[in-house]
Amino acid sequence: MTKPPKLTETVAVDDGTLHRISDLPDSLLVRILSLLPTTKDAFRSCLVSKRWQYLWTSIDNLTLVCSSTGSEKFLSFVDYALAQRTCSNIRKFHLEIWDMPSYSLHIEQWLSYVIENKVEHVVLRSIFYKLVYTLPQFFYTCSSLITLELMSCVFDKGAVISWKSLKTLLSGCLALETMELEFFHGFHHLEINNSNLKTLKLDMAWPLYEDADHSLEIVVPYLQHLKI
C-alpha cells in the first residue's frame, strides 16, 4: 500500500473565511482545488479540516512538477496521488521533470495509468533539453487524446501514430487544426500533410546534420496562419 507523503507545514485560514468556504458543496470545492497550480497544492488542502481530507482525490486534472534532480519524494508522491484518485477519468495530465529519461520506467507506468483512465490532454516536459525522452510505443494509440504538448521528447523511430481524437499538435490526424513544433531537431525529411490544418508554427527546427541533405514539405491547402 502506498504511504501518504508527510506534511509538516500548517495551513492558516481565517475562521470566517473557512466557515463560508465550508458551506459550499463538495463538487464546487473540488472544482476550486482543480484550479490550483499543482496537484501537490491540492493535496495540502487536506490539512484544512477532516472534510477536506479526501476532496483532492476527486480532481480530474493532475499537474506534477519537479524542477530538481534525484527527487525520490516526488516519485513517491506521484505514485501516491495516482493510487488515491477516486475520479473515474483524467481530463489532463501535466508532467514536468528536470530529467525525464532517468525516470522512464516510472513515467511509462504513469502514462499507462492515465491512458487507461481516458486522459484527454497531456503535457510532457523534460526541462533539461539535452536529455530527451522517447515516448513509449503504447502512447501512440491513445484514442482519447485531444491535445498534446511536448518539450524535449522524441518519437520512436518507425512509430505508427493513431491519435484519432487529437486536435492540437501533430499531423497525420484527421481532426488536427493546430500544430506547433519548438526546438524540433534530428530529421532528414519532415512532411506535414493535412487538409484540416489551420495554424502551423515551426520554431527552431534543425535537421539531423547541418551539412546533410534534408527537406521540408508542407501540404496544407486550408492553412490560415503560418510562422517559420
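Helix 5 covers residues 104-116, and its 13 residues reach 18 Å from the first C-alpha to the last, close to the 18 Å expected at 1.5 Å a residue. The expected span is 1.5 Å times one less than the number of residues. Helices here are DSSP runs of H or I with at least four residues, strands are runs of E with at least two, and both are numbered from the N terminus.

The model is predicted: local features need pLDDT of at least 70, side-chain atom pairs count only at pLDDT 80 or more, and totals for chains, interfaces and linings use all residues. Residues are numbered from 1 along each chain as its sequence is written, and side-chain values use heavy atoms, with hydrogens and water left out.

**Two sides of helix 5**

The buried residues of helix 5 are I107, W110, L111, V114 and I115. Buried means under 20% relative accessible area, exposed means over 50%, and partly exposed lies in between, with a 1.4 Å probe and protein chains only. Seen down the helix axis, the buried residues of helix 5 fall within an arc of 135°, so they line one face of the helix. The arc is taken from the directions from the helix axis to the C-beta atoms. An α-helix has 3.6 residues a turn, so residues three or four places apart point the same way. On the other side of helix 5, L105, Q109 and E116 are exposed. After helix 5 comes K118, with a positive phi near 55°.

**What helix 5 packs against**

Helix 4 (72-84), strand 2 (92-97), strand 3 (121-126) and strand 4 (133-134) pack against the buried residues of helix 5. In strand 2, 5 of the 6 residues are buried. Strand 2 pairs with two strands, as the table shows; strands pair if DSSP finds at least two bridges between them.

| Strands | Sense | Bridges | Opposite residues |
|---|---|---|---|
| Strand 1 (residues 61-66) and strand 2 | parallel | 6 bridges | T63 and H94 |
| Strand 2 and strand 3 | parallel | 6 bridges | F93 and V122 |

**A residue in helix 2**

S34 lies in helix 2 (residues 26-34). This serine is buried, with a relative accessible area of 9%. Leaving aside neighbours within four places in sequence, S34 is in contact with I59 and N61; contact means heavy atoms within 4.5 Å.

**The whole chain**

The protein chain has 5 helices and 11 strands. Of its 228 residues, 35% count as buried. Among contacts between residues at least 6 apart in sequence, 55% join residues at least 24 apart.
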